Amino acid sequence: MNKNLPHIVEPLLTWFDDNKRELPWRRDKEPYHVWISEIMLQQTRIEAVMGYYARFLDALPDVESLSRVDDDALMKLWEGLGYYSRARNLKKAAITIMEEYGGTFPQTYAELVKLPGIGEYTAGAIASICFDEKVPAVDGNVLRVIARIQGSKENVLLPQTKKSVTGQLKTIMPQRAGAFNEGLMELGELVCLPNGAPLCDSCPLKEHCTAYKKGLTEQLPVRVKKMKRRRADKSVFYITAADGRIAIERRPDTGLLSGMYQLPNVEGFHTEKELREILREWRIEPTDIIFTKEAKHVFTHIDWYMKAYHVTAKGQPEHFIWVTTDKLKDSYPLPTAFQKLL
Ligand code: SF4
């Protein structure tokens, strides 16, 4: 474990006691109140949640009323908050609490995390704030604070980073587990601000913070979004002229494989009739089109699925470069993706 972590507990608790904001759901440790506020806050800012929270509790003051609410009335109360599945899950969980727990709110992390719409973070928040169970509640704010304290370059968007931070926090959870978790979240919202703008001078943890000491607050936390892989289907032509030369062309100067050479190709897979039309547009009059092989090539963010066709052409239109196979091997860089088709 990082050596800084154990030292943050006391200063954080003291700071939280002196600086915590007065929020409606902090007036008591009633799990119903903490639960509703945590769910509302998942996708919405605190200022926006205030009005909704008050209205919601006026209409549905407890688990029982929530479990019996008419669906339309529930949606009306949620209207404008978005992500309506959150509201539907609230009602489902309320029904479960009525039916399986006799209307008494479950008190442990293990039970809470099984309820609809309650994930690890919310279960940790309710269990620690309301029942002082020593479990962490790790959200984006907490990940940011801990990454900076530790000077960690781990990508905070990865599940394994969250898991590792949760595991480390577990080992330092104090008796006042709820205050500790809320303190971390509050520090993240008020002091250890995102986007390279933390207010380190007024931070109670600066003496134990690697990012502060090493001037890394702008770089941390590391947030690298996983790029979605894309698939591209391609029809590739191995066009030979009567003298045995083959047609190649230069790829554009920018983008993937820029400036290299390639076999003529088009996006997508096509029927023979369509292939003939494409070739005609290139002023290639094919005698025949023979499917030769298919291959896959994996780039960093894109997978090419290629079908190759051998075409015997009558002429040699000038917009292609016509080369012998020896010349191709010696003088024209042909990416591996195309070499697979030769
Ligand atoms: S010293 Fe700065 S970077 Fe470190 S935890 Fe405090 S606010 Fe965040």
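## A two-domain chain and its ligand shell

The shell around the ligand is made up of 11 nonpolar residues, one polar residue and two charged ones. Keep in mind as you read that this is a predicted model.

Let's stay with the ligand for a moment. Which residues come nearest to it? Of the 14 residues around the ligand, these are C192, P198, C200, C203 and C209. Two helices, α9 (140-150) and α12 (210-214), each contribute at least two residues to the shell. Helix α9 has the largest share, with three residues.

Now for the chain as a whole. It holds 15 helices and seven strands. Its radius of gyration is 31 Å, well over the 20 Å that the globule rule gives for 342 residues, so the chain is more spread out than a compact globule. Along the principal axes, the C-alpha atoms fill a box of roughly 90 × 55 × 30 Å. The domain assignment divides the chain into domain 1 (5-214) and domain 2 (230-339), and the centres of domain 1 and domain 2, taken over C-alpha atoms, are separated by 56 Å.

How much of the chain is buried? Of its 342 residues, 31% count as buried. As for contacts between residues at least 6 apart in sequence, 68% of them join residues at least 24 apart.

Helix α1 (9-19) is a nice place to look at packing. Its buried residues are L12, W15 and F16. They cover an arc of only 100° around the axis, which puts them on the same side of α1. The partner they pack against is α11 (177-190). On the face of α1 turned away from this buried side sit the exposed residues E10, T14, D17 and D18.

Just along the chain, R21 belongs to the loop between α1 and α2 (31-41). Is R21 buried or exposed? R21 counts as exposed, because it has 9 C-beta neighbours inside 10 Å and the cut-off for exposed is 12 or fewer. Although R21 and L190 are 169 residues apart in sequence, their C-alpha atoms are 9.7 Å apart in space.

A second pair of this kind is L256 and F299, with their positions 43 residues apart in sequence and a C-alpha to C-alpha distance of 9.0 Å. L256 is found in the loop between β2 (246-250) and β3 (261-262). With 15 other C-beta atoms within 10 Å, L256 is partly exposed.

The backbone has some features worth a look too. L220 and P221 are joined by a cis peptide bond, with omega about 0°. P221 lies in the loop that runs between α12 and β1 (230-240).

Two residues other than glycine have a positive phi: D132, with a value of about 50°, and R283, with a value near 60°. D132 is placed in the loop between α8 (120-131) and α9, while R283 is in the loop between α13 (272-281) and β5 (286-298). Both count as partly exposed, D132 with 17 C-beta neighbours inside 10 Å and R283 with 14.

Here are the neighbour counts for the loop residues discussed above.

| Residue | C-beta neighbours inside 10 Å | Class |
|---|---|---|
| R21 | 9 neighbours | exposed |
| L256 | 15 neighbours | partly exposed |
| D132 | 17 neighbours | partly exposed |
| R283 | 14 neighbours | partly exposed |

Technical notes: Residues numbered from 1 in each chain as written. Predicted model: local features only at pLDDT ≥ 70, side-chain atom pairs only at ≥ 80, totals over all residues. Near = placed C-beta within 6 Å. Helix = DSSP H or I, 4+ residues; strand = E, 2+ residues; numbered from the N terminus. Nonpolar A, V, L, I, M, F, W, Y, C, P; charged D, E, K, R; others polar. Rg over C-alpha atoms; globule rule 2.2 N^0.38 Å. Buried ≥ 20, exposed ≤ 12 C-beta atoms within 10 Å, placed from the backbone. Contact = placed C-beta atoms within 7 Å. Domains from an automatic or database assignment. Arc of directions from axis to C-beta.
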